[in-house]
Amino acid sequence: MTDSGKCANCGAVRTGPFCSQCGQKDRDLHRPIWWIIGEFLDAVFSYDSRTFRTIWLLVALPGEFTRRYMAGQRASLLPPFRLFIIATAVFFVTLQLTAVSLIVVSPLVPGKDDVEIDFLVPPTPGAAVKLTDAQRQAMEDVRRNIASGEVVVGEEGADKKDAIAYVSQLWAGVEKIMEDPQRINGPLSVWLPRLMLVLVPLLALMLALVHWRPRVYLVEHLVFSLHLHTTMFMALTLAAGEAALTSGRGIGWVLGPLFMVYALLAMKRVYGRGWLLTTVKFASLLLFYLFLLMIGFVVVMLFVLQEI
């Protein structure tokens, strides 16, 4: 604290630890670096008993965290949005520290229209991609077809030129991925969190549509959506850690179905409907959410291909 008795921000006379005019707290920041680090960790993560209580409720009792939070028991729990941000950050930091690739795209194979995509692939030192002459020729053929305008249909004049330029830019990104399949992960780490920030409120809106009676405020659906996405990122972090430690992806096949069961149990506890009605609503939400996720992923890939 300062010794002048005045607020350092507005100059008003201070009668306590907070200024009565501007509200600024009077504290001395001339402290050791470890104090600053501790203040940062406390502000961001609030590492205290709330952390362990929150994680326990979130994992062990599906939906109980949401139910208690909406019942007013908030002082003993971490805020939902902060928890979501932490879980998202921990997942992507885990990918960076372990060198696990979020997505790896297989090189283009002549005669095949589909491209294999693997998720959460462990690092494989020395496994550089070497494209064959046939693969390079196939990529060159596609590039030539794009330049000739064969792949752009229904456009004429300047619009066609713009469309060709846009498709050419996208294909250039595809070629870079074929050369280095892991190159896609950098831009994806930027765009996927943005996609999740869009999907969280969209899921809340979908929950509001299927639970329109009795009336539940949208903020309650939003809290539940945040908690579901937080749990999803926690599961993905476990899968990434397992991939890094064992060079395998077996736990992913287990965590996927477990998360589906978790979400169903959480919805049953939060909304208190019968099992049949809850199951029908859950299945409908799941299908629609996966549809939105697929559309969102396609949009994200369009941005990623332009940035590679």
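**Entry 1: Arg67**

I looked up the exposure of Arg67 in this predicted model. Arg67 is partly exposed, because its relative accessible area of 39% falls between the limits of 20% for buried and 50% for exposed. I then placed Arg67 in helix α3, which covers residues 64-70. For its side chain I noted a polar contact of 2.5 Å with the side chain of Glu64. I also checked Arg67 against Arg269, which stands 202 residues away along the chain. The C-alpha atoms of Arg67 and Arg269 are 7.7 Å apart.

**Entry 2: Thr278**

I turned next to Thr278, which I located in helix α10, residues 275-307. Its relative accessible area is 2%, so I recorded Thr278 as buried, the cut-off being under 20%. I searched for a partner of its polar side chain and found the backbone oxygen of Gly274 at 2.7 Å from a polar side-chain atom of Thr278. I then set aside the neighbours within four places in sequence and listed the contacts of Thr278 as Leu264, Met267, Lys268 and Arg273.

**Entry 3: Helices α7 and α10**

I examined how α10 lies against helix α7, residues 185-210. Their axes come within 9 Å of each other and cross at roughly 155°. I entered the pair as roughly antiparallel, because this angle is over 145 degrees. The crossing of α7 past α10 is right-handed. I sorted the residues of this contact by character and obtained 22 nonpolar, one polar and two charged.

Key
Residues numbered from 1 in each chain as written. Predicted model: local features only at pLDDT ≥ 70, side-chain atom pairs only at ≥ 80, totals over all residues. Heavy atoms only, no water. Helix = DSSP H or I, 4+ residues; strand = E, 2+ residues; numbered from the N terminus. Buried < 20%, exposed > 50% of the residue type's maximum accessible area, 1.4 Å probe, protein only. Polar contact = N/O pair within 3.5 Å; in protein donor to acceptor, adjacent residues only side chain to side chain. Contact = heavy atoms within 4.5 Å. Axes fitted to C-alpha atoms, helices over the stretch in contact; angles between N-to-C directions. Parallel < 35°, antiparallel > 145°, perpendicular 65-115°, else oblique. Left-handed = near helix turned anticlockwise from the far one by under 90°. Nonpolar A, V, L, I, M, F, W, Y, C, P; charged D, E, K, R; others polar.
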